[in-house]
Amino acid sequence: MELRHLQHFVAVAEDQHFTRAAERLMVSQSGLSASIRALERELRAPLFVRTTRRVTLTEAGRALLAEAERILAQVRTAHEAVAAVQGVLRGTLALGTEQCIAGVHVAGLLAAFRRRHPDVEIRLRQEGSGALAEEVAAGRLDLAFAYRTQDDTDQLRSVALTSEPATVLCHPDHPLAAAGAALTPQDVAGEVFVDFHPDWGPRRTTDAAFAAAGVRRTVALEVNDVHSLLDLIDENLGIAAVPRHFRHKRPSLTALPLKGMGEAEYETVALLPPERSTSPAARALIMLLETGDLATPQGGAHPS
C-alpha cells in the first residue's frame with residue numbers, strides 16, 4: 001500500500017467527487033481512478049459507491065478513512081519532526097476552536113506564533129467541542145481549544161487551561177432580574193432558554209448539570225453563535241445559563257450567579273492527540289501559550 005493511494009482515497013472521500021479531488025490533487029482523473037482501483041484490489045473490498053453525480057463511502061471505506069487520516073497525520077508529524085530537529089519549524093498547524101473560548105486569546109496566540117514561525121501554514125476551523133474532539137482524535141486537527149465534554153482516551157488527551165462557574169443572563173425587565181441574588185436550577189425550571197447547538201461545550205455542560213439536578217429545562221431558541229444568543233436575550237425572548245465571562249460581552253443584560261450545579265463548571269482545555277503523535281507545530285503553540293510569551297520580537301509589530 002502506497003501513501004499516495006491513501007492520499008488519493010482521503011481526497012475523494014472528502015470531496016465526494018473524483019473530478020474535484022483530481023483537480024485539488026493536480027492529477028489526472030484517470031490516474032486518480034486507477035489509484036483507487038489499485039487500493040480496492042489490495043484490500044479486496046469496494047471503498048466507494050459510485051453514481052453519476054457523487055461518490056459515497058461503503059462500510060469498508062468508512063473503516064479505512066479513519067485509519068488513513070491517522071496514518072497520513074503521523075507521516076506529516078514525522079516530516080515536521082525532522083525539520084524541527086534541523087532548526088526550522090515548517091509544515092502546517094491545523095487548529096480548531098470553539099467560539100468565545102475562555103483562557104486563551106486565539107487570535108493573539110496565532111499572531112505571536114506566526115511571528116516566530118513564519119514558515120508554518122496556519123489553518124483554523126471553528127466548530128463545537130464535540131466535533132473538535134473527534135477531529136483531533138482522527139488526526140484531522142493538530143489540536144483544538146474547546147470545553148471539556150469527555151474523558152481522555154487512547155486517541156485524545158487534554159491540557160486544562162481554565163474553568164469558570166455558570167451565570168444566568170436575562171433582560172433587565174425579566175422577573176428574575178428583580179431577585180438580584182444567586183439562582184439554582186430549580187429557580188429557573190419553568191423558564192424559556194436560549195442555548196447553543198447540542199454539540200457546543202457550554203450546552204453539553206449545562207444539559208448535564210440540569211439533568212444531575214433533576215431539573216428539566218426547555219431550550220426553545222437554539223443558535224450557533226454567541227452574538228445571536230445575546231441578541232435574543234436582549235429582546236427578552238428567553239434566558240441563558242452560560243460561562244461567567246459571557247456577561248462582559250453584553251453589560252446591559254442582568255447577570256446572576258447560578259448555584260446548586262454540583263461539580264459542574266465550564267472547563268476550557270487544549271485537546272491534543274497522544275504525545276507520540278503530537279506535531280512539532282502543536283507543541284510549539286502549547287509552549288507559547290504556557291509561557292505566556294506573546295510579546296512581539298524586537299523589530300516586529302503588534303497586530304492591530
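# Exercises on a predicted model

Helix α2 (residues 18–25) packs against helix α3 (residues 29–43) at about 105 degrees, and their axes lie 9 Å apart. The model is a predicted one.

## Exercise 1. Helix pairs around α3

Classify the packing of α2 on α3, then that of α1 on α3, and list the residues that meet.

*Solution.* Two packed helices are described by the angle between their axes and the distance between the axes. Start with α2 and α3. Their angle is about 105 degrees. Angles of 65 to 115 degrees count as roughly perpendicular. Therefore α2 is roughly perpendicular to α3. On the α2 side, the residues in the interface are Phe18, Thr19, Ala21, Ala22 and Leu25. They meet Gln29, Leu32, Ser33 and Ile36 of α3.

Now take α1 (residues 3–15). Its angle with α3 is about 110 degrees, with the axes 9 Å apart. So α1, too, is roughly perpendicular to α3. From α1 come Arg4, His5, Leu6, His8, Phe9 and Val12. From α3 come Leu32, Ser35, Ile36, Ala38 and Leu39.

## Exercise 2. A glycine in α4

Decide whether Gly61 is buried or exposed, and find its contacts beyond the sequence neighbours.

*Solution.* Place the residue first. Gly61 belongs to helix α4 (residues 59–85). Its relative accessibility is 0%, so Gly61 counts as buried. The cut-off for buried is under 20%. Next, look past the neighbours within four places in sequence. Gly61 then touches Phe9, Pro46 and Leu47. Leu47 is 14 residues away along the chain, yet the two C-alpha atoms are 4.2 Å apart.

## Exercise 3. The five-stranded sheet

Work out the strand order of the five-stranded sheet, name its edges, and find which helices lie on it.

*Solution.* The order is β4-β3-β5-β12-β6. The sheet is open and its pairing is mixed. Its edge strands are β4 (120–126) and β6 (157–164), each paired on one side only. Between neighbouring strands the average turn is 15 degrees, direction ignored.

Zoom in on one pair. Strands β5 (residues 143–147) and β12 (residues 266–272) run antiparallel and share four bridges. Ala146 has Val269 of β12 as its bridge partner.

Then add the helices. Helix α6 (residues 129–138) lies across β3 (91–97), β4, β5 and β12, at about 155 degrees to β5. α10 also packs on the sheet, touching β3, β4, β5, β6 and β12. Its direction makes about 50 degrees with that of β5.

## Exercise 4. Helix α10 and the cores

Check the length of α10 against its residue count, then determine what α10 gives to the largest nonpolar core.

*Solution.* α10 covers residues 280–291, which is 12 residues. At 1.5 Å a residue the expected span is 16 Å. The C-alpha atoms at its ends are 16 Å apart, so the two values agree. After the helix comes Gly292, with a positive phi near 70 degrees.

Burial is the next step. In α10 the buried residues are Pro280, Ala281, Ala282, Ala284, Leu285, Ile286 and Leu288. Turn to the core. The largest nonpolar core holds 53 residues. Those with the most contacts inside it are Leu93, Phe113, Leu143, Phe145, Leu229, Leu258 and Leu285. α10 contributes the most to this core, with six residues. A separate second core has 20 residues, among them Leu6, Val10, Ala22 and Val55.

## Exercise 5. The three-stranded sheet and Leu258

Describe the sheet that contains β7, sort the faces of β11, and list what Leu258 touches.

*Solution.* Three strands form this open sheet, in the order β10-β7-β11, with antiparallel pairing. The edges are β10 (240–243) and β11 (254–257), each pairing on one side only. Neighbouring strands are turned by 40 degrees on average, direction ignored. Four bridges link β7 (residues 166–170) to β11. Opposite Val168 stands Leu256 of β11.

Now sort the faces. Thr254 and Leu256 make up the covered face of β11. Ala255 and Pro257 make up the uncovered one.

Finish with Leu258. Neighbours within four places in sequence are set aside. Its contacts are then Ala166, Thr167, Val168, Leu183, Thr184, Pro185, Phe210 and Ala241.

Notes: Residues are numbered from 1 along each chain as its sequence is written. This is a predicted model: local features need pLDDT of at least 70, side-chain atom pairs count only at pLDDT 80 or more; totals for chains, interfaces and linings use all residues. Side-chain values use heavy atoms; hydrogens and water are left out. Helices (H or I, at least four residues) and strands (E, at least two) are DSSP runs, numbered from the N terminus. The expected span of a helix is 1.5 Å times one less than its number of residues. Buried means under 20% relative accessible area, exposed over 50%, partly exposed in between (1.4 Å probe, protein chains only). A nonpolar core is a set of buried Ala, Val, Leu, Ile, Met, Phe, Trp, Tyr and Cys residues joined through side-chain atoms within 4.5 Å. Contact means heavy atoms within 4.5 Å. Two strands pair if DSSP finds at least two bridges between them. Axes are lines fitted to C-alpha atoms, for helices over the stretch in contact, and angles run from 0 to 180 degrees between N-to-C directions. Angles under 35 degrees count as roughly parallel, over 145 as roughly antiparallel, 65 to 115 as roughly perpendicular and the rest as oblique.
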